[in-house]
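Trainee: Before we settle on any wording, could we go through the terms one at a time and set each value against its cut-off?

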Amino acid sequence: MSPRRKGLFALLIALSLALPHAVSAQGTVNASCSSQIAEAFGRTVLDDFKQTTGLNVTLHVFSSQVSVNRLKNGFCELAASALKLSADDRKLGLVAIPICKDPMVVIACKEITVSDLSLTQVRRLFSGHITNWKEAGGPDLPVRIITPVKETAAYVNFVRQAMGASQVKFDYQAARSSSAVEAVSHIPGAISFATRSVVTKFNNVKMFTIDGLEPGSKEYPYMQTFSLVTRGQPSGVVREVLNYSLSKKARENMKRRGLTPLID
């Protein structure tokens, strides 16, 4: 195990053991969750959590930033986010506990014959400099740029990791990442980006390799980290969520969905 993983494991174990294990079976966790994370895990994870722990989760789905803001303002006890906490958030006592990671992938409908893009091509496509797929080795189709709205973690992470100094232009924006993926599946020539575990649910969408690197490979650099965010030391039912997230059963659920647990 790498030093980073050992440190993370130690943090999670410390949080888990710092408080007693007796929790009422009638407890309910009030959580705010990034739409990406909600889509990636699916309802079955909540059902499994309830079966395993005897606890309920009341889940409200928003963007990552709205979910964290709701936690700060006392509207929930737990947030799930794909964004890093700001310095101000940390000063307020918020703690992000990384649970798993998922590649950020560039996608198009399967009619696009090209399968590999260079990072330069990715930037030129999303900045509007490549306007027809034939300029990137694909069919004679206009490029239609679809993105989730700028407030989403998917947008923030993609721009930060992949675009460099290039500005994203778009023809259409979707309120959620999954809506952007669904639009790509129906619009000829459309291109977008999303977390891989959501994309795999759509049959008519392809993922590109970038500079020959397969999404999910060790060298692939475009990743999102999904974290649970608490306000200070977790207690009661919130601690039970963290305990469940450490469990072998939870890690196997993550792997089945194409996610990579950060604790093996």
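**Contacts, cores and cysteines**

Mentor: This is a predicted model, and a good place to begin is Phe158, which, leaving aside its neighbours within four places in sequence, is in contact with Met104, Val106, Val122, Phe126, Met163 and Phe193.

Trainee: Which residues have the most contacts inside the largest nonpolar core?

Mentor: That core has 40 residues, and those with the most contacts inside it are Val106, Leu117, Phe126, Trp133, Phe158, Phe208 and Ile210. Several elements each supply at least two of its residues, among them α6 (119-126), α7 (153-163) and β8 (190-195), while the largest share, six residues, comes from β4. A second, separate core of 29 residues includes Ile37, Cys100, Tyr244 and Leu259.

Trainee: Why is Cys33 called buried?

Mentor: Buried means under 20% relative accessible area, and Cys33 has a relative accessible area of 6%, so the term applies. Cys109, at 2% relative accessibility, therefore counts as buried by that cut-off too.

Trainee: How do you know that Cys33 is in no disulfide?

Mentor: A disulfide requires two cysteine sulfur atoms within 2.5 Å, whereas the cysteine sulfur nearest to that of Cys33 belongs to Cys76 and is 10 Å away. The structure as a whole holds zero disulfides.

Trainee: What makes the chain as compact as a globular protein of its length?

Mentor: The radius of gyration is 19 Å, close to the 18 Å that the globule rule gives for 264 residues, and the chain is therefore as compact as a globular protein of that length. Its secondary structure comes to eleven helices and twelve strands, and 48% of the residues count as buried.

Technical notes:
Residues are numbered from 1 along each chain as its sequence is written. This is a predicted model: local features need pLDDT of at least 70, side-chain atom pairs count only at pLDDT 80 or more; totals for chains, interfaces and linings use all residues. Side-chain values use heavy atoms; hydrogens and water are left out. Buried means under 20% relative accessible area, exposed over 50%, partly exposed in between (1.4 Å probe, protein chains only). A nonpolar core is a set of buried Ala, Val, Leu, Ile, Met, Phe, Trp, Tyr and Cys residues joined through side-chain atoms within 4.5 Å. Helices (H or I, at least four residues) and strands (E, at least two) are DSSP runs, numbered from the N terminus. Contact means heavy atoms within 4.5 Å. The radius of gyration is taken over C-alpha atoms; the globule rule is 2.2 Å times the number of residues to the power 0.38.
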